[in-house]
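Hi everyone, thanks for making time for this. Please take a look at the sequence and the structure, and then I'll walk you through the parts I'd like you to see.

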Amino acid sequence: MRDLCAALIQLGSGADPVPSLARAAELTREALAHGAELVVLPENFWAVAPPGLDRRPWAVDLGTLGPGGDLRGDPPPVLRPFLALSHEHPAAVIILGGLPELPPSGEPGKFYNTLVALFGGRVVAVYRKIHRFDATLPDGSRASESDVILAGETPHVLAAPFGKIGLSICYDLRFPELYRALSAAGAEILVVPSAFTLLTGIDHWEPLLRARAIENQAYVLAPAQYGPHGHGRHSFGHSLAVDPWGAVIAQVSRGEGMALTWLRADLLQRVRSDLPALTHRRLHGVTPAEVVTLSADETSA
């Protein structure tokens, strides 16, 4: 890993994808203009879908990806503005934290909740959320993500020119074995784009993020949805960046916005050298993560 500037985007996405996507693109453009080499958007950056929303017009078919990550035909609306920004800033990695993907099986009414990474105007990594949020909340309301969302199976690490990024989404945060798999594959930065609920976020959000950073001696970048979404959903916000020692180094305050933070390679190296916990592991057996490697010269592709 080398030093880099990273940006967390915090959104209050609504039920209508059109204004939600416009605001997400606006903040991404602002982050890139400030020199961010890594920009991470939250889960559901495209919209926080109310029950019954037809996701099909907004879902992407990643089966049409060419071998170099190029999409055949016109880009889908949920990707179009971000692919344009990626073309304009080809050395930056833009991570779209969770969008609906059509499954290859064509199962009606089902989608993957998929993270997409862009680099040089192309799709370079895809991660399908493994753990689905099915829970009864403290106020008695019920969340059942598995009603619509299919489970992914494979952890992924993106080896970017500036460092290795472990990919995850929201509820994955509660499963430390996933982050062990990412760490074992060399992850130095862990991204956790989220839409944590208000009631769980109050008590669990920061402790879990800091724990994942400390356990894996890695930077954690966790952009989040914020506030009420207009149909009974309320997200906690508090987008955070945590360093490998577990200290919070950046946070977005209330409302939509962004935070820029500097990720220092010397700190990562010092933490791992002074307290080499990752080399002391005795128990193994987690699912290996696949690694996708980028090279700096791909920006000219």
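Let me begin with a word I'll use a lot: "buried" means under 20% relative accessible area, "exposed" means over 50%, and "partly exposed" is in between, with a 1.4 Å probe and protein chains only. Helices (H or I, at least four residues) and strands (E, at least two) are DSSP runs, numbered from the N terminus.

Two housekeeping points. This is a predicted model, so local features need pLDDT of at least 70 and side-chain atom pairs count only at pLDDT 80 or more, while totals for chains, interfaces and linings use all residues. Residues are numbered from 1 along each chain as its sequence is written, and side-chain values use heavy atoms, leaving out hydrogens and water.

Now the overall picture. The protein has five helices and 18 strands. Its radius of gyration is 18 Å, close to the 19 Å that the globule rule gives for 301 residues, so the protein is as compact as a globular protein of that length. That radius is taken over C-alpha atoms, and the rule is 2.2 Å times the number of residues to the power 0.38. Along the principal axes, the C-alpha atoms fill a box of roughly 50 × 50 × 35 Å. Of the 301 residues, 55% count as buried. When I say contact, I mean heavy atoms within 4.5 Å. Among contacts with a separation of 6 or more, 71% are between residues 24 or more positions apart.

Let's zoom in on helix H3, residues 176-184. Which of its residues are buried? They are Leu178, Tyr179, Ala181, Leu182 and Ser183. As a reminder, an α-helix has 3.6 residues a turn, so residues three or four places apart point the same way. The buried residues of H3 pack against strands E5 (122-128), E9 (156-160), E10 (163-167) and E11 (189-191), and also against H4. After H3 comes glycine 186, with a positive phi near 100 degrees.

Before H3, have a look at cysteine 170, in the loop between E10 and H3. Its phi is positive, near 45 degrees, in a residue other than glycine. Cysteine 170 is buried, at 7% relative accessible area.

Cysteine 170 also brings us to the inside of the protein, as one of the residues that line the largest cavity. On a 1 Å grid over the protein atoms alone, a cavity is a set of points where a 1.4 Å probe fits but cannot get out; a pocket is an open set with protein on both sides within 12 Å along at least five of seven lines; and lining residues have an atom within 4 Å of a point. Points are joined across faces, edges and corners, and a volume is the space filled by probe spheres set on them.

How many cavities of 30 Å³ or more does the whole structure have? The search finds one, and the volume of the largest cavity is about 50 Å³. Besides Cys170, its lining includes Phe133, Tyr171, Arg174 and Thr200.

The largest pocket holds about 870 Å³ of space. It is lined by 40 residues, and the closest to its centre are Ala49, Arg55, Ala143, Glu145 and Arg233. Strands E3 (93-101), E4 (111-119) and E7 (142-144), together with helix H4 (198-216), each supply at least two lining residues.

To finish, a few single residues. Histidine 238 sits in the loop between strands E14 (234-236) and E15 (240-242). Histidine 238 has a positive phi too, about 55 degrees, although it is not a glycine, and it is partly exposed at 31%.

Alanine 36 is in the loop between helix H1 (17-33) and strand E2 (38-40), and at 5% relative accessibility it is buried. Leaving aside neighbours within four places in sequence, its contacts include Cys5, Ala31 and Leu260.

Valine 124, in strand E5, is buried at 12%. Beyond residues up to four places away in sequence, valine 124 touches Leu118, Leu158 and Val292, among others.

Last one: leucine 278 lies in the loop between helix H5 (265-274) and strand E18 (290-293), and leucine 278 is partly exposed at 24%. Not counting neighbours within four places in sequence, its contacts include Arg180 and Ser183, and Ser183 is one of the buried residues of H3. Thanks for listening!
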